Amino acid sequence: MTIQNSLGGFRRAGRLDGIELSEIVRITERAAQLRAQGVDVIALSTGEPDFPTPPHVVEAAHRAAQDGQTRYPPTAGTPALRAAIAAEAGAEPANVIVSTGAKQVLAGAFLASLDPGDEVIAAAPFWTSYADMVKLAGGVPVVLDCPPAQGFKLTPVQLEAAITPRTRWLLLNTPSNPTGAVYSKAELQALGAVLERHPQVWVISDEIYRHLAYVPFTPFVQAVPALAGRTLTVNGVSKAYSMTGWRIGWGIGPAPLIKAMVEVQGQITSGACSIAQAAALAAITGPQDLLAERRAEMRARRDLVVRGLNDAGLDCALPDGAFYAFPRTPAKMPVDHEFCRYLLDEAGVALVPGRAFGMPGHLRLSFAYATKSLQEGLRRIADATAKL
C-alpha cells in the first residue's frame with residue numbers, strides 16, 4: 001500500500017537543515033545490505049564490542065522482569081542505580097540522571113542549557129553526533145582543529161582564543177572517539193586553568209571509554225576539582241560492559257543542571273527502561289575482573305591493527321584508549337570518502353571516512369571485533385592499497 005498525502009508534500013523542519021543520518025550508520029547499513037546480497041563484507045565501522053553482556057547482568061535483568069520491575073520508573077532513574085552511580089563518583093543521588101544511553105544525556109544537557117546562538121566548543125576530530133546535537137538544541141558548534149601533531153588534543157591556547165561571551169560549554173571526550181586520544185592530568189589542569197578565568201563556560205566530559213584506557217586515566221573532576229560545580233560527567237555501561245543494546249547512560253553534575261535535564265527527559269522519553277536499569281546496576285556493582293580482561297584483549301587487538309595499518313602504508317598513531325584506530329589515507333588516494341568507497345567496493349571492507357568526525361584525510365577503523373576478522377580485514381586493506 002502506498003500512503004499518499006492529499007494535503008501536499010511533507011515540510012521538513014528548518015532545525016534539521018544540514019542534519020542527516022550519521023555517515024557511520026549509513027556505511028554500516030550499506031555493508032549489511034551487501035551482505036544480504038551475498039557479498040563477503042567485513043564491517044569495521046561500528047563502535048560496538050563483540051564481547052557478550054556478562055551472564056550475571058543478563059540474570060539480573062531476568063530476575064527484575066520476573067519480580068515485576070516492569071512499571072514506569074522514576075524519570076531521573078531508579079533510586080538504587082542512581083545511588084550506586086553516585087557512590088562510585090563520590091557524589092549524591094541528586095547529582096545523577098540516568099538516561100536511554102549516553103547520547104540522550106548529551107542531548108538533554110544541550111536542550112536544558114542552550115539558548116539560540118549559544119556556543120559549544122569541541123575539538124576535532126570529534127564523535128560525529130556532537131555537532132548535530134548542538135545544532136538541534138539551537139546552539140552553535142565551535143569546532144577547533146586538533147591535528148596529529150598535537151596528539152588530536154585541544155591546547156589551552158586554542159581554548160582561550162575560542163571563548164566568547166556566547167560560549168556555554170567546552171565538550172571534551174577522553175578517551176576519544178575516533179582517535180583514542182587520552183588527556184593527561186596535567187593537560188586537563190592546563191585547560192582548567194583557562195576555564196577558571198571564564199566562569200560562564202561549563203564542561204561536559206564524555207568519559208564513556210574510561211575503562212578502555214591503556215595509559216593512566218584521570219577524570220576531569222579529579223584533575224580540576226575546582227570546576228566540579230560546573231562540570232557534567234557522562235558515562236554508561238554500553239562500551240565497558242558490552243551493553244550497547246541495553247541503552248543505559250548517565251550524567252553526573254550539579255543538582256540544578258540535573259533537575260533541568262530531568263525536566264527535559266520527562267517530556268521526551270520519561271525514565272529509561274526499568275529492566276535495563278536493573279541490568280546496569282548489576283554491571284557496576286558486580287564483579288569487575290572482566291574490565292581488566294577485556295581491556296587487555298582490546299589492547300592486543302589495538303597493537304595488531306596499528307601494526308597492520310602501518311605495514312600497509314597507512315600512517316597510524318598508537319591510540320591510548322577506546323577501540324579505534326585513526327590512520328591517514330594513502331597518498332595515492334588522499335580523499336577519505338573515495339578511499340572508503342574503494343575499500344568497500346574492491347576489498348569488501350567497511351571503514352568510516354574522517355570527514356564524518358570533522359577531520360578529512362583520515363579513516364576510522366574499529367578494532368572491537370574478533371581477531372580473525374581484524375586479520376582478514378587488514379589483509380584486504382593491504383592488498384587493495386598495494387593495487388592503487
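**Figure 1. The region annotated as "domain: Aminotransferase class I/classII large" in the predicted model.** The unreviewed UniProt entry lists residues 40-381 under this name, and the coordinates shown for them belong to a predicted model. Over residues 40-381 the chain is 39% helix and 15% strand, while the C-alpha atoms at the two ends of this stretch are 14 Å apart.

**Figure 2. Close-up of the second largest pocket and its lining.** The space in this pocket amounts to about 410 Å³, and 20 residues line the pocket, with A89, G90, V221, T233 and I252 lying nearest its centre. Two helices and two strands, namely helix 3 (79-89), helix 8 (220-223), strand 7 (231-236) and strand 8 (249-252), each contribute at least two residues to the lining. Sorted by class, the lining of the second largest pocket comprises nine nonpolar, eight polar and three charged residues.

**Figure 3. Close-up of the crossing of helix 4 and helix 5.** Two packed helices are described by the distance between their axes and by the angle that those axes make. For helix 4 (residues 102-113) and helix 5 (residues 129-136), the axes come within 9 Å and cross at roughly 35°, and the crossing is right-handed.

**Figure 4. Close-up of the residues in contact between helix 4 and helix 5.** From helix 4, K103, L106, A107 and F110 meet S129, Y130, M133 and V134 of helix 5. The residues of this contact divide into six nonpolar, one polar and one charged, the charged one being K103 and the polar one S129.

Technical notes
Residues numbered from 1 in each chain as written. Predicted model: local features only at pLDDT ≥ 70, side-chain atom pairs only at ≥ 80, totals over all residues. Heavy atoms only, no water. 1 Å grid on protein atoms, 1.4 Å probe; cavity = no way out; pocket = protein on both sides within 12 Å on 5 of 7 lines; lining within 4 Å. Points joined across faces, edges and corners; volume = space filled by probe spheres on them. Helix = DSSP H or I, 4+ residues; strand = E, 2+ residues; numbered from the N terminus. UniProt positions renumbered as here; feature names shortened; annotations may be inferred. Axes fitted to C-alpha atoms, helices over the stretch in contact; angles between N-to-C directions. Left-handed = near helix turned anticlockwise from the far one by under 90°. Contact = heavy atoms within 4.5 Å.
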